Amino acid sequence: MPREAAGHAGLAVVVGQSQGGPGMNRAMAAFVALLVVAPFLLPDFYVTLLDYIGLATLVVLGLVVMTGVAGIVSFGQQAFVGIAAYTTAGLATLAGWSPWGGLAASLALVAACALLIGFVTLRLSGHYLSIATIAWGIAIYFLFGTLPQLGQYSGIDNIPPVSIAGWVIDTGRESYAVIWFATALALLAARNLLDSRSGRAIRALRFRSVMAESCGVDTAALKLVIFVYAALLAGVAGWLHAHYLRFVSPHAFGVNAGIDYLFMAVIGGANSVWGAVVGSAILTVLKEWLKDVLPKLFSATGNYETIVFGLLMMLLLQRTRDGLTPALARWLPARAPSPRPADAAAPARRGRPAAGTPLLEVERLQKRFGGLVAVKDISFSLRGGEILGLIGPNGAGKSTVFNLVSGTLASNGGVVRLHGQRIDGRPSRAIARLGLARSFQHVNLVSQMSVLENVAIGAHLRGAKGTLAAMARTDRDEEARLLAEAARQIERVGLGSHMMEAAGSLPLGQQRLIEIARALAADPLVLLLDEPAAGLRYAEKRALAELLGRLRVEGLSILLVEHDMEFVMGLVDRLVVMDFGEQLAEGLPAEIQRNPAVIEAYLGGIE
Amino acid sequence: MTGEIALWLVQDGVTTGAIYALLALALLLVFAVTRVIFVPQGDYISMAALTLGTLQLGAVPGSIWLLAGGGAVVAAIDAAAALRAKAPRRLVRIALIGLVLPAAVAALAWWMAPRKFGMAAQIALTLAIVVPLGPMLYRIAYRPLANASVLVLFIVSMAAHYMITGLALVIFGGEGLRSNAIADFKFDVGVLKVGAQSLWVMLASLACMTALWLFFEKSLYGKALRATAINRIGARLVGIPTALSGQLAFLLASAIGAISGILIAPITTIYYDTGLMVGLKGFVGAILGGMGSYPLAALGALAVGLLESFASFWASTLKETIVFTLLIPVLLWRSLVSKHVAVEDEEE
């Protein structure tokens with residue numbers, strides 16, 4: 001099973017990365033040391049090569065965060081590089097601006113374009129988005145090539161070099177310092193970003209955006225932020241490109257460049273920040289080497305590198321989806337397991353309403369899927385400090401009711417009130433902010449993140465530090481509090497010994513407990529649990545029942561969907577029975593057990 | 001702009017639109033059956049057009065090496081699989097399809113090219129060279145990834161496009177080629193001078209679409225393809241092999257691509273890298289049809305052709321920018337119209 005081992009090693013790298021263990025710090029220190037000595041030891045050709053690698057790394061870093069982590073595959077980053085390069089080149093040669101003024105103008109223009117393009121295209125999903133990135137990449141490329149002020153296809157020449165306080169930067173080695181300083185800062189900032197409250201939210205964007213929304217993350221806004229961030233990185237690369245090469249032409253910003261950047265991200269492994277460096281280095285070096293070697297093997301002229309790269313990419317994607325960084329990481333010394341979070345004060349807690357007050361009121365809820373009526377006239381009320389069970393045969397519509405109440409699905413009628421406020425029609429993140437937390441029927445965890453981080457997503461709304469604070473590392477206090485709270489909830493559900501393991505490596509029953517811990521980390525008023533006991537063994541079910549009982553005593557209200565009658569009957573205060581989307585009965589467990597309609601519909605065939 | 005110019009632009013737009021429509025159909029077909037966003041579709045056009053152009057010059061087209069090489073690679077992969085499965089008897093068939101047939105076509109091309117046998121023979125030879133490239137590409141690049149996500153398949157498509165474009169440059173060089181028209185005369189329809197080539201293009205497009213429709217509605221293989229497009233697992237359960245569907249879809253795609261290339265070759269000069277832009281415009285058409293409906297895709301492609309024609313009249317240097325910028329609101333409209341609420345997220 002070498003592939004699975006590779007997968008787990010990859011998981012370990014990414015998980016370890018996210019906690020920044022001591023092994024990674026040593027690797028980073030070595031990398032920085034190498035970077036510093038390189039220009040003094042290597043001949044000019046290699047320094048130039050490293051300059052190109054640095055420029056590419058900046059762009060690919062943005063791609064890694066966008067594509068690998070958030071799942072937005074973009075073939076259009078080169079457009080932003082081009083916009084910045086042309087802006088600073090145009091301003092410097094046509095209007096006599098200083099390069100620093102050009103930097104400000106370039107980044108401003110790139111940010112504006114990215115906001116506009118992102119706002120329009122990020123609503124698209126999956127492949128539509130990628131096609132859109134190709135579309136605007138091509139559109140902008142042709143713009144560069146046709147506007148006469150930009151020199152059309154011959155480009156702009158004689159761009160002045162950057163100067164810092166009188167030191168003019170116009171050799172390869174001097175540019176190396178500027179380029180790699182920028183790149184190293186960007187790498188550090190990206191690593192910090194992914195290891196923070198925002199980082200957890202970003203990691204959930206790719207496959208778990210519904211779960212992220214239910215924990216309060218504004219996924220659309222976050223996607224836009226990442227998009228602009230990646231565009232700004234590309235913009236910096238474009239500015240450096242213009243003032244390093246002293247020349248810009250459209251050719252460097254065409255579709256082929258976009259494909260190259262994506263290839264670098266895929267080769268390096270789009271899951272880890274280091275993938276940007278690895279991928280850029282491998283592709284750039286390989287390209288140079290192939291440009292030298294291949295024409296000697298074949299007599300005809302041509303771009304043989306493209307053929308080789310195309311083949312390489314196809315083979316690589318067939319063998320591994322995670323790129324080469326996980327394979328390379330196995331050569332590093334094994335890091336010590338990350339430490340558990342230190343104890344810290346809990347973040348502010350919500351006040352609990354008095355027991356018995358109606359917390360969640362559902363009146364005549366409706367949902368139709370085309371011609372199919374999935375939920376019809378469902379009404380019930382969940383009071384403070386009680387556990388309400390929602391039972392019914394398979395396909396009765398119980399999960400649909402959950403999705404309607406939590407805001408994941410829009411209803412076709414009916415009123416839902418949480419603590420007096422109307423929540424029907426509101427997005428799930430607004431409902432989460434009002435105090436509703438849920439678990440999902442199909443486990444919705446980010447498999448590659450640790451249990452601790454998955455639960456910490458639940459506490460997203462209890463923190464406030466955003467992406468900038470994350471990059472600048474000013475969020476450490478709040479982060480410590482959030483992680484400590486997550487650790488507390490993990491202990492509470494009994495998974496303390498698995499806290500630092502990857503969530504995807506635990507058995508299904510324990511993953512359901514993680515979901516509950518995540519919901520608890522939000523400090524909710526109302527907890528919606530969708531089949532929490534499915535997949536648990538008998539002893540685990542007993543432990544879960546005790547946990548839920550304790551939560552009830554602490555004042556939490558729980559709405560529970562379950563199939564296991566023994567589990568439910570001994571635990572809940574009241575029951576609501578559904579069948580075919582309609583409400584059959586409501587009342588105490590003993591009454592329900594005797595209700596003839598319920599028995600006819602349901603109780604005959606359960607374990 | 002006078003009425004005459006407008007009519008001429010319409011004719012031009014409909015002609016190119018007819019070719020984009022064929023491309024859109026091929027793209028939609030491949031996407032529906034294999035979930036591959038087949039960017040290299042346009043490259044078949046370049047290959048076919050350049051092959052035909054080379055044949056008309058009396059030279060041997062280098063694409064026979066691509067055919068032979070591709071066949072050899074496929075034969076090697078299949079042979080390795082056959083040996084691993086301990087089924088050596090398959091080797092004969094593998095060698096026949098992968099080695100003998102391509103070599104035969106290559107030899108035929110070698111013999112026929114300098115002799116310049118009429119247009120029909122050249123077209124037939126071009127088809128024989130380019131069409132097998134489709135299933136070969138499927139076998140090499142896509143079949144091992146049959147279960148990958150749409151995005152991974154998309155990246156593979158870009159890689160394949162990259163590779164094919166590079167190969168086209170090596171094989172045909174950087175110069176563009178234009179072939180002779182199938183028929184040269186023009187005749188008058190009212191104020192409009194309609195070229196016979198344009199008529200050929202539209203007729204051939206219609207014929208292709210009709211043939212495809214008949215294939216899907218009436219033949220067993222066509223229905224099998226539709227079944228795979230609607231529900232892959234269900235199709236497998238009733239005995240339709242996924243690999244067969246994939247190969248058939250790619251065969252149809254390369255056939256349509258080759259025909260499109262033969263049709264477009266007399267109209268514009270084709271270079272080794274023209275394929276991407278042409279393919280992408282066919283894409284715009286497919287997306288206008290919502291990636292789901294063939295008639296809408298054809299209509300959408302027609303609209304793209306018309307738009308390009310008029311844009312090139314008003315702002316010829318910016319026509320590409322205009323066409324591709326207009327894709328974005330269309331995508332937006334499409335994704336709003338077909339809003340399907342994701343309650344459960346995709347598998348990781």
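Visitor: How many residues of chain A are in contact with chain B, and how many of chain B are on the other side?
Guide: This is a predicted model, in which local features need pLDDT of at least 70 and side-chain atom pairs count only at pLDDT 80 or more, while totals for chains, interfaces and linings use all residues. Residues are numbered from 1 along each chain as its sequence is written, and chains are lettered from A and ligands numbered from 1 in the order in which they are written. Two residues are in contact here if their C-beta atoms, placed from the backbone, lie within 7 Å. By that rule, chain A brings 48 residues and chain B brings 42.

Visitor: Which helix gives the largest share of the side of chain A that touches chain B?
Guide: Helices (H or I, at least four residues) and strands (E, at least two) are DSSP runs, numbered from the N terminus. At least two residues each come from H5 (99-121), H6 (126-146), H9 (209-214), H11 (255-268) and H13 (304-319) of chain A. The largest share, 14 residues, belongs to H6(A).

Visitor: How many nonpolar, polar and charged residues has the side of chain A that touches chain B?
Guide: Nonpolar covers Ala, Val, Leu, Ile, Met, Phe, Trp, Tyr, Cys and Pro; charged covers Asp, Glu, Lys and Arg; the others, Gly among them, are polar. Sorted that way, the side of chain A facing chain B has 28 nonpolar, 17 polar and 3 charged residues.

Visitor: Inside chain A, what distance separates the centres of domain 1 and domain 3?
Guide: Chain A splits into domain 1 (49-253), domain 2 (356-435 + 524-607) and domain 3 (447-521), with bounds from an automatic or database domain assignment. Taken over C-alpha atoms, the centres of domains 1 and 3 of chain A are apart by 32 Å.

Visitor: And which helix supplies the largest share of the side of domain 1 of chain A that touches domain 3 of chain A?
Guide: This contact takes 16 residues from domain 1 of chain A and 17 from domain 3 of chain A. On the domain 1 side, H7 (172-194) and H8 (197-204) of chain A each supply at least two residues. The largest share there, 7 residues, comes from H8(A).

Visitor: At roughly what angle do the axes of H5(A) and H10(A) cross?
Guide: Axes are lines fitted to C-alpha atoms, for helices over the stretch in contact, and angles run from 0 to 180 degrees between N-to-C directions. H10(A) spans residues 219-245, and its axis comes within 9 Å of that of H5(A). The contact has 14 nonpolar, 6 polar and no charged residues. The crossing angle is roughly 145°.

Visitor: Is Ala114(A) buried or exposed?
Guide: Ala114(A) sits in helix H5 of chain A and touches Phe80(A), Phe227(A), Val228(A) and Ala231(A), leaving aside residues up to four places away in sequence. A residue is buried if 20 or more other C-beta atoms lie within 10 Å of its own, exposed if 12 or fewer, and partly exposed in between, with C-beta atoms placed from the backbone. Ala114(A) has 22 of them, so it counts as buried.

Visitor: What about Val36(A), buried or exposed?
Guide: Val36(A) is found in helix H2 (residues 22-41) of chain A. Its C-alpha lies 9.7 Å from that of Phe181(A), 145 residues away along the chain. Because Val36(A) has 12 C-beta neighbours inside 10 Å, it counts as exposed.

Visitor: How many helices and strands has chain B?
Guide: Of the 348 residues of chain B, 45% count as buried. Its C-alpha trace spans about 70 × 65 × 40 Å along the principal axes. The secondary structure of chain B comes to 15 helices and 2 strands.
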